[in-house]
Amino acid sequence: MSKVKYYYDPDTLSYRKIEPKKSRRYRNIALFILGSFLFGLLSLVLLMNTNLINTPRELSLQREVKNYELQFELLNRKMGQIEEVLANIEDRDNNIYRLYFEANPIPEEQRRAGFGGVNRYKSLEGFNNSEMITATTKRLDIIKKQMAIQSKSLDEITKLAEEKEKLLMAIPAIQPVKNEDLKRMASGFGWRSDPFTKARKMHRGMDFSAPKGTPIYAPGDGKVIRADNGSSGYGKHIRIDHGYGYKTLYGHLSKYNVRKGQKVKRGDLIGFVGNTGRSEAPHLHYEVWKDEERINPINFYYGSLTAEEFENMLKYAAQENQSLD
């Protein structure tokens, strides 16, 4: 029950009852309703932005989600470290191992390629953290693919390493005529004067001047694929296939010490210097082939010459003189 208020009237010398004005009453009611609405709205906003309405299970799940987000962040940091190590291995693989064994480098786009076709990550869509989960999964898949490619590459390198000794023995690495048997290194690889026409032409081998009958030795392991005089200009000649793209040719021989199909080792006696075919004087015409292209034989004497001998040979080979064939 509301309190009744009175005031003293000096004119009547009595107390009179205070009658509240209707406008004030309506104003008070309106203020009460507005205040109640604002209070209720404020309470609702506060409840929505606090954990007051969360159950213990919801609070536990929120902590679990936060923990997963932290784990994903740590996983991405570890993947970054793995990518750095893997990039270093890939660089050495392409620029050292594969280069050393003359294998083609693996293209960067092949190592970094993603996965085309169907959407492999559709099941990860539609969640609050789908973008983060999908990106991390894609990154992990690419790393796994890179590791698989690198593993296959190292398997290939291992096989090449196992054959390295065979390769080193097959490469023509010694001079086919011993220095003590030589008169001189008559002509090198390059443009030379033809002894018969005097025209300038490309001489695609090296001429070793030596007496007839001087022994000729195989510069590397291989198989004799020709020992005949059926090639124009070379006279009696021998060709050896060393494998790995290497072949050698020995021209103007006086006689053979091997036959077609015979396997030879580095240092084996294969024939003797002569003057057969298109030749001006007794000498050995020696050629080195790599992948069906004739290359300068002077780069293949590291197994039999000293530094001084090799330097002298370079000097003589560079002279643009007259060849002997």
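The UniProt annotation "coiled-coil region", taken from an unreviewed entry, covers residues 58-92. In this predicted model, the chain over residues 58-92 is 100% helix and 0% strand. The C-alpha atoms at the two ends of that stretch lie 51 Å apart.

Helix 1, which spans residues 22-48, contains Ile29. Together with Tyr26, Phe32 and Ile33, Ile29 forms a nonpolar patch on the surface. The accessible area of these four residues together is about 480 Å². Ile29 itself counts as partly exposed, because its relative accessibility is 44%.

The next topic is the nonpolar interior. The largest nonpolar core has 24 residues. Those with the most contacts inside this core are Ile216, Ile238, Ile240, Tyr250, Ile270 and Leu284. Several strands contribute to the core: strand 6 (206-209), strand 9 (236-243), strand 10, strand 12 (269-273) and strand 13 each supply at least two of its residues. Leu284 shows what the surroundings of one such residue look like. Leaving aside residues up to four places away in sequence, Leu284 touches Pro176, Val177, Met206, Asp207, Phe208, Ile216, Tyr250, Gly251, Leu253 and Val273. Two of these partners, Ile216 and Tyr250, are also listed among the core residues with the most contacts.

Charged pairs come next. Side chains of opposite charge can pair when their charged atoms come close. A search of the whole structure finds eight salt bridges, and three of them are described here.

In one, Lys247 pairs with Glu292, with the closest N and O atoms 3.1 Å apart. This pair links distant parts of the chain, since Lys247 is in strand 10 (residues 246-256) and Glu292 is in the loop between strand 13 (283-290) and strand 14 (293-295), 45 residues apart. Are the two partners buried or exposed? Lys247 counts as partly exposed, because its relative accessibility is 25%. Glu292 is exposed, with a relative accessible area of 55%.

Another salt bridge joins the side chains of Arg294 and Glu287, at 3.6 Å from N to O. Arg294 has 29% relative accessibility and so counts as partly exposed. Glu287, on the other hand, is at 2% and therefore counts as buried. A further salt bridge brings together the side chains of Asp228 and Arg226, with an N to O distance of 3.0 Å. Asp228 counts as partly exposed because its relative accessibility is 25%. Arg226 also counts as partly exposed, with a relative accessibility of 25%.

The last topic is the backbone. Most residues other than glycine have a negative phi, and most peptide bonds are trans. Which setting surrounds each residue that departs from this sign of phi? His252 is not a glycine, yet has a positive phi of about 70°. The place of His252 is in strand 10, and His252 is buried, with a relative accessible area of 1%. Asp291, likewise not a glycine, has a positive phi of about 55°. Asp291 sits in the loop between strand 13 and strand 14. With a relative accessible area of 52%, Asp291 is exposed. That loop also holds Glu292, the partner of Lys247.

Conventions: Residues are numbered from 1 along each chain as its sequence is written. This is a predicted model: local features need pLDDT of at least 70, side-chain atom pairs count only at pLDDT 80 or more; totals for chains, interfaces and linings use all residues. Side-chain values use heavy atoms; hydrogens and water are left out. Buried means under 20% relative accessible area, exposed over 50%, partly exposed in between (1.4 Å probe, protein chains only). Helices (H or I, at least four residues) and strands (E, at least two) are DSSP runs, numbered from the N terminus. Patches are made of residues with over 30% relative accessible area and no salt bridge: like charges are joined within 9 Å, nonpolar side chains (Val, Leu, Ile, Met, Phe, Trp, Tyr) within 5 Å. Accessible areas come from the Shrake-Rupley method with a 1.4 Å probe; for residues, only the protein chains shown count as cover. UniProt positions are given in the numbering used here, feature names are shortened, and annotations may be inferred rather than shown by experiment. A nonpolar core is a set of buried Ala, Val, Leu, Ile, Met, Phe, Trp, Tyr and Cys residues joined through side-chain atoms within 4.5 Å. Contact means heavy atoms within 4.5 Å.
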